Amino acid sequence: MALPRRSSRARARHPRHLTRRPRHLTRTAAALAAALALLSPLGAVGAAGVASAATTAGQDTPAADAEVRVNTQAALGRLSDTARGVNAAVWDAHMNDPEVASLMKAAGVGAMRYPGGSYADIYHWETHTAPGGYVAPGTGFDAFMGTVRATGAQPILIANYGSGTPEEAAGWVRYANITKGYGAKLWEIGNEIYGNGHYGSGWEHDDHADKSPQEYARQVRAYAAAMKAVDPTVKIGAVLTAPGNWPDGVVGQGDPGDWNHTVLSEVTDVIDFVSVHWYAGGSDTTADAALDRLTRLPGELREVRNQLDRYAGADSPRIGIALTEVNTNTGGAQLTARPNGLFAADAFMTALENGVFNVDWWNTHNGADRITTVDGETDYGDMGMLSSGGCTGTVCEPAPNTPFHPYYGMRMTSELGTAGDTMVAAASSARDVSAHAVHRRDGRLSVLLINKNPDAARSVDLTYAGFTPSGAAPQVRRYARGDSGITDLTGSGASASRVTVPPYGMLTVTLTPQPGTGPGTSAAGTPGTPRLEAVTDSTARLSWAGASGATRYLVQERDGAHTWLVGESTGTSVTLRNLPAGSAHTVNVLASDASGRISAPSDPLTFTTGTPADAACAVTYHRDTSWGNGFVATVTVRNLSATPITGWTVDWDWPAEGQSVSSGWNATFGQTGRHVRVTAPAGAGPLAADGASTVSFGFVGANDGPNPDPTVFRLNGAVCSGG
């Protein structure tokens, strides 16, 4: 994000940012039964008497509007110390106000990104200048670091790629970490460099004569070498485009592939993380629509990890993903209003639960723009968390540093837990109620419920797997209409089994465990994150770092908030068998002590099986061209069996929602849900035996979100090799 929203006079001094882009060993039956009981979704609930509201409130209790199931044995990863972040910009005169540090510290902010989106590519740190842009007084690097330290956060610094050099970036590292001892570890190389005009649209400043992804990759290597020569401990981040967002899939003239594939093919050995930006966007710019679009984010982040897996291989887990800009959209209104506060909370947790170590809101302050009325309140069209005090015409924002609703959205996520706590699976039965949960290191469980319905409160039944609430009253926090801040409702009669979330409101419920239950009672520590050692079309060999006090390990698979046992070992590896070809699996590992008590789960691993090498058919799927939300693909099929095939069908399933076939040629196409069936055209001749001939067909496809390739194709029902 490049643009500050300020007065029209100030705005003219800033280059405009274009619309956002176009995871058996035999034992006695008794021991196995005990382990399965501990892993059972219901085994830990009944003792507390809170399995459902109906069992505690009587048969006359009306059914709840939603059921939220929380499974503490399904870990989604741990909160990092940089999980919650904000952007700060050198054109923001209030960036370093003392109130900013106080407010951000209260919200648990652990990262602050500088010097401000696209300004990074015109900003020279040593002279504190940005030719062609406006730099506010008091926003220099040392002043920024004062705010960072007062907040208790870490800086994320963007080295100037557009008009800078590797030597300039190395000088900044030297000043920050050698001269001043700031210990700045996270450094991005440029901002949205794919927006430098190489693909036709240009908002990002780039003085390089060669604006291709190949040149960016070469320069990332040069920047990394120069910066790590000064301080080998710094972490270097490369810029990627979010899958499913322009220019994802677009191949420039003379390029070997699109931006992400070209860059990653050259830099995975020298980078430590990748930086992506995500704005809900869309033609409908309301925050309500943005809340719906959040359902695309997990798939897009999974595709980033898929790309890292492809190019970094076994080294992929070392490379982190940072979502360094997020907001609803890059224009329009409904940005300071309540629904964008709901979006902020939902977006932060959704990203963190899907493999991101850092999420940064755009922006701390941004400036007033289009004025509207949303949910009975004035919306200032400001993409900041805090008021800048600016005006649009005669309508002015409140006093500087007054929190907008997105600030409270982020702050509500801090009610869930802190660095080192474990995010766990929480699934809601209702589309308008989002749920997120964190199992804290002290054994408590915190659940965040977000009611996206503006008109009606939502009653929610809470059920638990792997966690037994005590009889103590839960701690409850609320942010809803009428609240001037986060309101403490502890002791108001809330139940561990049912709560009511106000319309357009958020609620956190924190429960203490029943004494003698939970992973804290196990002598076994937490196993390491499983690693994929080898995978075929039907097997996967996993290994993990062992845990102290463990006598055996249980491998479980997860789908949503449901888990089931798929493997068991007394060692630190296991081979899973009889897996379907081309299928995705998310697994984690738990340790059992000598008494059968189960540890906390490891972080998850997601992997996909391959296709059989000796199949009776082979398929090649090739994306010929792509433009962000659409593509053209060609599929080529070969019959490797000893018998000719007449009257063939080819089937596949799209990996992501929003993928579809729009039109095609050389075959008949049909799609139901995610399933596609392609049928030979009338009069087609036989597909010859032993690979002697091939058949090809093509189609125009559409994608609303990520566009991963299908993982498995079937010819007349038989799984083919390739893909």
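Start by selecting Leu-554 and you'll find it standing opposite Leu-590 in β27. Keep in mind as you click around that this is a predicted model.

Now widen the selection to residues 552-559 and 584-592. These are strands β24 and β27, paired in the antiparallel sense over six bridges. Zoom out a little and an open sheet of four strands comes into view, ordered β25-β24-β27-β28 with antiparallel pairing. Colour 562-569 and 605-608 to pick out the edge strands, β25 and β28, each of which pairs on one side only. From one strand to the next, the twist averages 35 degrees.

Next stop: the aromatics. There are 40 aromatic pairs to choose from. Try Phe-141 with Trp-172: the ring centres are 5.5 Å apart and the planes sit at 85 degrees, so this pair is edge-to-face. Show helix α5 (141-151), home of Phe-141, and helix α6 (166-179), home of Trp-172; the pair therefore ties together parts 31 residues apart in sequence. Both residues, Phe-141 and Trp-172, are buried.

Then jump to Phe-631 and Trp-654, whose ring centres are 6.1 Å apart with planes at 85 degrees, so they are edge-to-face. Phe-631 is in strand β30 and Trp-654 in the loop between β31 and β32, so the pair ties together parts 23 residues apart in sequence. Phe-631 is buried at 0% relative accessibility, and Trp-654 is buried at 2%.

Go back to Phe-141 and add its cluster, linked by ring pairs: among the members are Tyr-114, Trp-125, Phe-144, Trp-172 and Trp-187.

Last, select Arg-338, which lies over the face of Tyr-479 at 5.3 Å from the ring centre.

Key:
Residues are numbered from 1 along each chain as its sequence is written. This is a predicted model: local features need pLDDT of at least 70, side-chain atom pairs count only at pLDDT 80 or more; totals for chains, interfaces and linings use all residues. Side-chain values use heavy atoms; hydrogens and water are left out. Two strands pair if DSSP finds at least two bridges between them. Helices (H or I, at least four residues) and strands (E, at least two) are DSSP runs, numbered from the N terminus. Axes are lines fitted to C-alpha atoms, for helices over the stretch in contact, and angles run from 0 to 180 degrees between N-to-C directions. Rings of Phe, Tyr and Trp (its six-membered ring) pair if their centres lie within 6.5 Å; planes under 30 degrees apart count as stacked, over 60 as edge-to-face and the rest as tilted. Buried means under 20% relative accessible area, exposed over 50%, partly exposed in between (1.4 Å probe, protein chains only). A charge sits over a ring if NZ of Lys or CZ of Arg is within 6 Å of the ring centre and within 35 degrees of the ring normal.
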